[in-house]
Amino acid sequence: MKTIIFFCLVTTFWAIDYSALSAPTTIQSGFFFERYLSAGKKPIVSRGKFYFERPSFFRWEWLEPAQQGLLIDNDAIAKWRITNDKKEIADISSDPSAKILAEQLLLFISMDIDKIRITYDVQESGNVISLTPIQESTIKEVILACNTDCSALTQLEMHAIDGGKTIIRFFNTQFDQSIPNSAKTP
Amino acid sequence: MVMTPKSIQQEMELFSRAPFSKKTFIVVQSSDPNRLIATSKDVAAALKKFDGFRAAAEIDKSFFISYFYYLPNIWDEELESQIEASLANAQQRIENSAISLTGFESIFAQDIIVADPLSFLEIAAKRLRNLNITDGSMDFKEGFLVSEDGKTAILIYEALEDSLDIRSASKIVNDISQINAALPQDTRIFVMGSARYTQENNDVIKKDVSVVLAISLIALSIIFFLFFRDKAVLFIYIVPMAILIPSAVCTFLFFGELSGITIGFGSVLMGLAIDYTIYIYFAMRVSSATISPTKAARAMLRPVALSAVTSILTFAALYFSYIPFLQQISVFATFGLVCALLIAFIVAPLLFKQRGITEKEFIVSIKISRSLAVVVIVLTIILGLFSTRYITVDSSLDSLNTVSQEFLQDRAIFDKAVGALAVQSGLLFIFGNDQDEALRKSETFAFDNNISLTLSNVLVSQKRAAKNQERWHRFWSDERIFTLKHTFQNSIGKYGLDIEIFDEFFQFLYTANPPLNIPHFELQTIYNPFITYGDRTAVAHIVKETFTSQSDEDIVLLSQDTIQHDLFLAVLEKLFLIITIVLVINCIVVFFFLKNIKLALLTFIPLLCSFAALAIIAAIFSIHINLFSLFAIPLIMGLGVDYAIFVIYQQITTGVLHPPKALLCAYLTSLTGFGSLIFASHKVLFAIGFTVAIGITVVVLVSALLLPPLIKESER
């Protein structure tokens, strides 16, 4: 019983240390991307790698099943895809959907909790952070999970209001490693 | 609408119900294109907190998805051939969709990709773009119309029913100002639409009313200080105020509303109403105390009543213009002048003392010979006639609108953003007994005239929809769908996708029916295609083409040019009617009172000279005559003839009761009324004030200087 009370107290008062999550200057990580359609069919699965450097460099690169990606460097946003061994690059800096997506991604990856709190209501439970948009949004809820010592994100789960769901699982995460020059361009 | 003749109000009403006319446009500007959408979203969120803004249904993914499922209804020959051509590279299109589904684009565009994996919308959306209020220079992004340079966005809201009501309009404009104040420095918003026009017009008129009334009161005070300096004169001073309020109340009760222009015209009424009491004041002042006040006033009855009757009948004639604001002015001024006349003859004689003072100060000492007077009059009239060749008439509707510089700048930004189409295109209204019949007639009209009506490409009658669906079913044969499925299977497998993701798409190709959860396509989201007029319904098409006049009464083509032309003709027609009425009335009244044809004709000479002088001034200074400055003509006729009558009575009687000082005072008070309108910003008030002020000045000069030499001794 004492153990249970102790566990409850610990989970209630043991707040996540966001400074640890937002401390790294750079993050590199592999990811699995699962997209669940709203119709409830089996998920579309893909895999890739991302690079993040504060304050606003982010390369989100898919390696399988198709090679494609998104690169955000301050205000510049580019996307690319490789089809039939041919790389097509497009500047989508003025595409509002891409811009909003980029802003959201940077928000979660950088884990700047003060900024997150401007648009989301933040709830913590153990090593899980639940974000609910304060204003009307197409996102219903975002669930972030971190590792046991809460030094790194391990999973991002985004629930849309239409029932769709995206799960991104991170692996081989490295902090404060210099980002290769080849990753700095699309 | 208050300034248009009732005869063309059907056209104006149709014009005002045109597509997009029931929308309020919130224009968002940002010097940083990257911030535009975010700012627009902030503005949209802020607007939700205010009453009076009902967002037009959002043009988002669901709008386009519902449009996609509407395609079988508009599946005509053109669309079929375009989509058939696109199927040549179906495999590439499918692969593109598959790649998008496995990457980041699936997060925000998955439902569209799954519904339309072959990107038919890319082709069909062009038809919606053609309906755009813009000329194609703006595109829909995130539910906002965004300009090509990404610096201007337009948020579309439904205009509320009472957006023409000044309180609602002011609230809308003020709410926008509040939101604007909270925006960063490099961004701003403003509103365009009926509410802004209402508020702008009201602002101008409110300012004008204060300025004009203040100036006329100050000018009247100066006149009294210079000419009277008499305690009894305080009564003269309060006459205008005493009649202004009851006249306004009477007009309001008669029409159920009171336009700002009518209130602005109060200064004129004040200037005119005072004249009759002034005449009585001077008559009493110069008459001997040996006769009774009533008798002294009665001696003035004939000339003053003659002046009053001509003025009152002139204003009464304005009622036949059937132009709402002129009708209001007609009732307002007629009631006011009748009251002023009654006050002058019933109350004034009891208040003013007879003093037997001879007025000498203002006796005109210039002696003009009869021959010189004739030469000056003839020359003025000839020059006036010659000048008419050089007068330009501005018949544009813009010459009647009065808005602030800020509004003009904002409208220029709006026009530039939406392109010239919204401004320059015509509106084709095709009537039917119901919506479907109107659509059917539109289709027939387009076919008969061999033209393409952009609206008929996206909104079709039931008969056309059925025909198009048959075409869809013929095109999407089992064999074609089977082949397509095969292409899908070959293309998506390598991306780990299962063909069952696209089950709904294939089901749609087979049945032409959208899934149950898809809302019906509502074109009204971006375009008000139907208007109800009486018990009939019309489809409103925006057209670039000009058509020859249609003999079919169910087809009405309107453009700014046609409206302008019809408005001008309608106003001219009314103007000629009013001038004729005023002329006939003046002739009858003047002849009835003077009982002498020559003297009656002489009263019109100052008027002729006045019109000639106006023509000369307009020609020399290249002044454009607008529609409402033409309405000054009957006013000059009705009011100007008063001074001629006064001078003729002065000449044919002893002149004691008609001192020149009375004429000068009466002229100055009238000039005060009309002259103060020159300080109005409202173009209509300015045009009438300027023209009448010049006109009556010439009438007074000619009456005082050139008429006396023309009256023979035998007639005196």
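Start by selecting B:Ala613, which sits in helix H25 of chain B, the run covering residues 605-620. Keep in mind as you look around that this is a predicted model. With a relative accessibility of 14%, B:Ala613 counts as buried. Now add B:Gly384 to the selection: the two residues are 229 positions apart in sequence, yet their C-alpha atoms are 6.1 Å apart in space. To see what touches B:Ala613, show B:Thr380 and B:Val698, its contacts once neighbours within four places in sequence are left aside.

**Stepping back to chain B**

Colour chain B by secondary structure and you will find 29 helices and 12 strands. The chain has 716 residues, and 56% of them are buried. Pairs 24 or more positions apart supply 82% of the chain B contacts that have a separation of 6 or more. Switch on the surface if you like: chain B exposes about 31300 Å², with 60% of that coming from carbon and sulfur atoms.

**Into the cores**

Next, hide the surface and select B:Phe228, B:Phe265, B:Phe315, B:Phe631, B:Tyr643 and B:Phe674. Within the largest nonpolar core, a set of 118 residues, these six touch the most other members. Which helix gives this core its largest share of residues? Highlight residues 266-286 of chain B: that is helix H12, and it contributes 14 residues.

Stay with B:Phe674 for a moment and show what surrounds it. Setting aside residues up to four places away in sequence, B:Phe674 touches B:Phe265, another of the six residues picked out above. From helix H12 come two more of its partners, B:Val268 and B:Leu272. The list of residues touching B:Phe674 also includes B:Leu635 and B:Leu639. Further along the sequence, B:Ile688, B:Gly689, B:Val692 and B:Ala693 complete the set around B:Phe674.

Apart from the core of 118 residues lies another one, made of 70 residues. To find your way to this other core, select B:Leu79, B:Trp476, B:Leu509 and B:Val556, which are among its members.

**A buried charged residue**

Now go to B:Glu95, in helix H5 of chain B, residues 90-102. Is this glutamate buried or exposed? B:Glu95 is buried, because its relative accessible area is 10%, under the 20% cut-off. Display the side chains of B:Glu95 and B:Lys494 and you can trace a polar contact of 3.2 Å between them. B:Lys494 has company here: beyond the nearest four places in sequence, B:Glu95 is also in contact with B:Ser491 and B:Tyr495.

**Out to the surface of chain B**

Bring the surface back and look for helix H15, residues 324-351, where B:Leu351 is found. B:Leu351 is partly exposed, at a relative accessible area of 43%. Add B:Val338, B:Leu342, B:Ile346, B:Val347 and B:Leu350, and together with B:Leu351 you have a nonpolar surface patch with about 550 Å² of accessible area.

One more stop on this chain is B:Asn450, in the loop between helix H19 (435-448) and helix H20 (462-475). Check its backbone: phi is positive, about 55 degrees, although the residue is not a glycine. B:Asn450 counts as exposed because its relative accessible area is 71%, over the 50% cut-off.

**Over to chain A**

Move the view to chain A, whose secondary structure comes to four helices and 11 strands. Of its 186 residues, 43% count as buried. For contacts in chain A with a separation of 6 or more, 41% involve residues 24 or more positions apart. The accessible surface of chain A is about 9800 Å², and 53% of it belongs to carbon and sulfur atoms.

Select A:Pro55 in the loop between strand E2 (44-53) and strand E3 (57-64). The peptide bond leading into it from A:Arg54 is cis, with omega near 5 degrees. Then follow the chain through strand E3 to A:Pro65, in the loop before strand E4 (67-73). Here too the bond is cis: A:Glu64 and A:Pro65 are joined with omega about -5 degrees.

Finish at A:Asn172, in strand E11, residues 165-175. What is notable about its phi? The angle is positive, about 50 degrees, although A:Asn172 is not a glycine. With a relative accessibility of 62%, A:Asn172 counts as exposed.

Notes. Residues are numbered from 1 along each chain as its sequence is written. Chains are lettered from A and ligands numbered from 1 in the order in which they are written. This is a predicted model: local features need pLDDT of at least 70, side-chain atom pairs count only at pLDDT 80 or more; totals for chains, interfaces and linings use all residues. Side-chain values use heavy atoms; hydrogens and water are left out. Buried means under 20% relative accessible area, exposed over 50%, partly exposed in between (1.4 Å probe, protein chains only). Contact means heavy atoms within 4.5 Å. Accessible areas come from the Shrake-Rupley method with a 1.4 Å probe; for residues, only the protein chains shown count as cover. Patches are made of residues with over 30% relative accessible area and no salt bridge: like charges are joined within 9 Å, nonpolar side chains (Val, Leu, Ile, Met, Phe, Trp, Tyr) within 5 Å. A salt bridge is a side-chain nitrogen of Lys or Arg within 4 Å of a carboxyl oxygen of Asp or Glu. A nonpolar core is a set of buried Ala, Val, Leu, Ile, Met, Phe, Trp, Tyr and Cys residues joined through side-chain atoms within 4.5 Å. A polar contact is a pair of N or O atoms within 3.5 Å; within protein, one must be able to donate a hydrogen and the other to accept it, and residues adjacent in sequence count only if both atoms are side-chain atoms.
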